[in-house]
Each structure stands twice: as structure tokens, then as C-alpha cells.
Amino acid sequence: MPHDEGIVLWRLVDNNKRGKTLVEASENVWGSFIAEMSNRDVLRAISPPDVN
């Protein structure tokens with residue numbers, strides 16, 4: 001998939017699902033995807049879910 005199309009699709013991924021999506025994505029796109037996120041969103045994506 002072309003880079004620009006991948007970024008457009010990434011922007012459509014819900015913030016709550018970005019962590020799982022990054023795990024499934026190829027390593028060569030991680031940097032581009034993470035660059036589209038705020039620091040707070042990156043931390044949320046890589047943090048384990050709250051267990052209550």
C-alpha cells in the first residue's frame with residue numbers, strides 16, 4: 001500500500017485500537033504511524049489496559 005494511503009487509513013483507526021494495530025503492522029511503517037500521534041496517544045497505545 002502506498003505510504004499516503006496508509007497514513008489516511010491510520011487516521012481512521014480509533015485511538016483505543018492503535019496499539020493492537022501497531023503490533024500487526026510492519027516495522028517499516030511504525031515511525032510514520034507514531035509520528036501522526038500525540039505523545040499522550042502513544043503512551044495510551046502502548047499501556048496495558050486497566051483491569052478492575
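Start with helix α1, which spans residues 3-12. Its buried residues are G6, I7 and W10. Around the helix axis they cover an arc of only 100 degrees, which puts them on the same side of α1. The general rule behind such patterns is simple. An α-helix has 3.6 residues a turn, so residues three or four places apart point the same way. Now look at the face of α1 turned away from its buried side. That face carries the exposed residues D4, R11 and L12. The buried residues, for their part, pack against α2 and α3.

Step back to see the whole chain. This is a predicted model. The chain has 4 helices and 0 strands. Read from the N terminus, its elements run α-α-α-α. Along the principal axes, the C-alpha atoms fill a box of roughly 40 × 20 × 15 Å. The chain has 52 residues, and buried ones make up 21% of them. Its accessible surface comes to about 4400 Å². Of that surface, 54% belongs to carbon and sulfur atoms. Charge is present too. There are 6 positive and 8 negative side chains. The centres of these two sets lie 7 Å apart.

Next, go to helix α4, residues 39-46. Which of its residues are buried? They are D41, V42 and A45. Seen down the axis of α4, these buried residues fall within an arc of 100 degrees, so they line one face of the helix. On the other side, N39, R40, L43 and R44 are exposed. What does the buried face of α4 pack against? Its buried residues pack against α2, residues 18-24, and α3, residues 27-35. Helices α2 and α3 also receive the buried residues of α1.

Now for the inside. The largest nonpolar core has 7 residues. They are I7, W10, L22, F33, M37, V42 and A45. Two elements, α1 and α4, give two or more residues to this core. You have already met some of its members: I7 and W10 are among the buried residues of α1, and V42 and A45 are among those of α4.

Take I7 as a close-up. I7 is found in helix α1. Its relative accessible area is 8%, and buried means under 20%, so I7 is buried. Set aside its neighbours within four places in sequence. I7 is then in contact with S32, F33 and E36. S32 shows how the fold joins separate parts of the sequence. I7 and S32 are 25 residues apart in sequence, but their C-alpha atoms are 7.5 Å apart in space.

M37 is another core member. Leave out residues up to four places away in sequence, and M37 touches W10, R18, V42 and A45. Three of these partners, W10, V42 and A45, are in the core as well.

The remaining partner of M37 is R18. This residue lies in helix α2. Is R18 buried or exposed? Its relative accessibility is 6%, so R18 counts as buried. R18 touches W10, R11, V13, M37 and A45, again without residues up to four places away in sequence. Its C-alpha lies 9.6 Å from that of I34, and the two residues are 16 apart in sequence.

Finish with K17, in the loop between α1 and α2. Its relative accessible area is 55%, and exposed means over 50%, so K17 is exposed. K17 and A45 are 28 residues apart along the chain. Their C-alpha atoms are separated by 7.5 Å. A45 is a buried residue of α4. So follow A45 through the model once more: A45 belongs to the largest nonpolar core, and both M37 and R18 touch A45.

Definitions and conventions. Residues are numbered from 1 along each chain as its sequence is written. This is a predicted model: local features need pLDDT of at least 70, side-chain atom pairs count only at pLDDT 80 or more; totals for chains, interfaces and linings use all residues. Side-chain values use heavy atoms; hydrogens and water are left out. Buried means under 20% relative accessible area, exposed over 50%, partly exposed in between (1.4 Å probe, protein chains only). The arc is that of the directions from the helix axis to the C-beta atoms. Contact means heavy atoms within 4.5 Å. Accessible areas come from the Shrake-Rupley method with a 1.4 Å probe; for residues, only the protein chains shown count as cover. Lys and Arg count as positive and Asp and Glu as negative; His and the chain ends are not counted. The place of a charge is taken as NZ of Lys, CZ of Arg, CG of Asp or CD of Glu. A nonpolar core is a set of buried Ala, Val, Leu, Ile, Met, Phe, Trp, Tyr and Cys residues joined through side-chain atoms within 4.5 Å.
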